[in-house]
Structure formats: C-alpha cells, structure tokens
Amino acid sequence: MTEETPGFEEKPDVPAEAAQTPDDAAQAESADTAGSAPAGDANQDVALTAQLDQVRTALGERTADLQRLQAEYQNYRRRVERDRVSVKEIAAANLLTELLPVLDDIGRAREHGELVGGFKSVAESLETVAAKLGLQQFGKEGEPFDPTIHEALMHSYAPDVTETTCVAILQPGYRIGERTIRPARVAVAEPQPGKAASEDDAKASDEESGGPEEG
C-alpha cells in the first residue's frame, strides 16, 4: 500500500505561453509595437519626401510656363504697338507725299516774297497741319553730303571745302519719324583734286619729319 504525502498535489506541465498572465501578454505586445514603429515612420517619411519632390517639380514647371506666357504676351504687345505706329506713319506718309509739291510752291513763294495776304494764312495753316502729322523738313547748306538722305543733282569742285558738301538746297527733304519720304535734292561740291593731293603730301611730309616745325 502506497503512502501519500499529506498536502502535496502534483500539477500537470503547462506550456510557457499558457503560463503568461494577461499583463505579461500586454507588455509583450507593447514591446513588439515599439520595435516596429521606427520602421513604419521611416517609410512614411520617404513617401512624404517623394510627394514633396513631385509637388516642387510640378510647381517649377507651372512657374516656367507662366513666365513664358508673360514673355510672349509682352512681345505681342510690343509687336502690336510697333505695327500700329508703322501703319500710322505709312498712312501719314502717303498723304503728305501728295502734298509735297504744294509745300514746295509755298516755299518758293516765300523766297520770292509772294507769300502775302490770305494766301499766306492758308499756306501757314497747311504747314501747321503737316507738322502736326509728324512731317519734318531737313537739308541745310554747308552740311556734309549723306547719300542716305541727300540726292545730288549738281556737282562741282570748290577750294574752300575739305569733304563732299551740300552747297545749295534745290528742294528740301522731308521725313516722318525715322522714315524719309523724300531726300533733300542738293548741289554738292568736292575738294579740288590738286588741293587734296597737296594736303596729303603735306601730311605725309609732316609724319616723316616728326611733325611741323615750330617757329
């Protein structure tokens, strides 16, 4: 007959997981969550950075598009304004070109002292209107000959000029702004060939001798 020890009972083996209390399980879950949190935050930061880069790229593209549109609009405005001024000048030039013979007659009458009475008032009114439309007269005796604005109708030599010079204005020139609608018709004089050669020889002699002698 087997003897039993009073007060001692054998307990069955319990797995370690089953032996954990509810508090132990909560602490273990909290530890697992804490261990996985840094990895999740890093992934989120990478995603946000990528989205931010996309937004910055899109903003840069839209900004460049806006700047390009602004530049094109400014160029368009300048082109329209330039064309408007050009059309206005062409229209005025066409009108005033037809009036140039009348203005020439007025100028000749003034030179001969025939611009008097009512004819003088009408002539001055016409000249005032032409000036308001932008008509400018040019061409003066003694100015250097410029083939872009002068038309030489007469040619001669003169001892008192050092370059081709307008010595007489046969018909004044007219322009509107930078547009020449008629060149000045002039008589020109050039330096005498012998004088020019003498001046060149004198200049060459001075250069060889080191300059003109001082008295």
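This passage describes a three-stranded sheet and the surroundings of one arginine in a predicted model.

In the predicted model, three strands are arranged as an open sheet, in the order S2-S6-S3, and their pairing is mixed. Strand S2, which covers residues 150–158, and strand S3, which covers residues 165–171, stand at the edges of this sheet; each has a single partner strand, and therefore one side of each is left without a neighbour in the sheet. From one strand to the next, the twist averages 25°. In general, the strands of a sheet pair through backbone hydrogen bonds, in either a parallel or an antiparallel manner. Here, strand S3 and strand S6, the latter made up of residues 184–191, run antiparallel and are joined by five bridges. Glutamine 171 is found opposite arginine 185, a residue of S6.

Attention now turns to arginine 182, which belongs to strand S5, a strand formed by residues 179–182. The relative accessibility of arginine 182 is 8%, and this residue counts as buried because the value is under 20%. The side chain of arginine 182 is joined to the side chain of aspartate 104 by a polar contact of 2.7 Å, and a polar atom of the arginine 182 side chain also lies 2.7 Å from the backbone oxygen of proline 172. When residues up to four places away in sequence are not counted, arginine 182 touches Leu100, Asp104, Phe138, Gln171, Pro172, Gly173 and Tyr174. Among these contacts is glutamine 171, the residue that stands opposite arginine 185 in S6.

Definitions and conventions: Residues are numbered from 1 along each chain as its sequence is written. This is a predicted model: local features need pLDDT of at least 70, side-chain atom pairs count only at pLDDT 80 or more; totals for chains, interfaces and linings use all residues. Side-chain values use heavy atoms; hydrogens and water are left out. Two strands pair if DSSP finds at least two bridges between them. Helices (H or I, at least four residues) and strands (E, at least two) are DSSP runs, numbered from the N terminus. Axes are lines fitted to C-alpha atoms, for helices over the stretch in contact, and angles run from 0 to 180 degrees between N-to-C directions. Buried means under 20% relative accessible area, exposed over 50%, partly exposed in between (1.4 Å probe, protein chains only). A polar contact is a pair of N or O atoms within 3.5 Å; within protein, one must be able to donate a hydrogen and the other to accept it, and residues adjacent in sequence count only if both atoms are side-chain atoms. Contact means heavy atoms within 4.5 Å.
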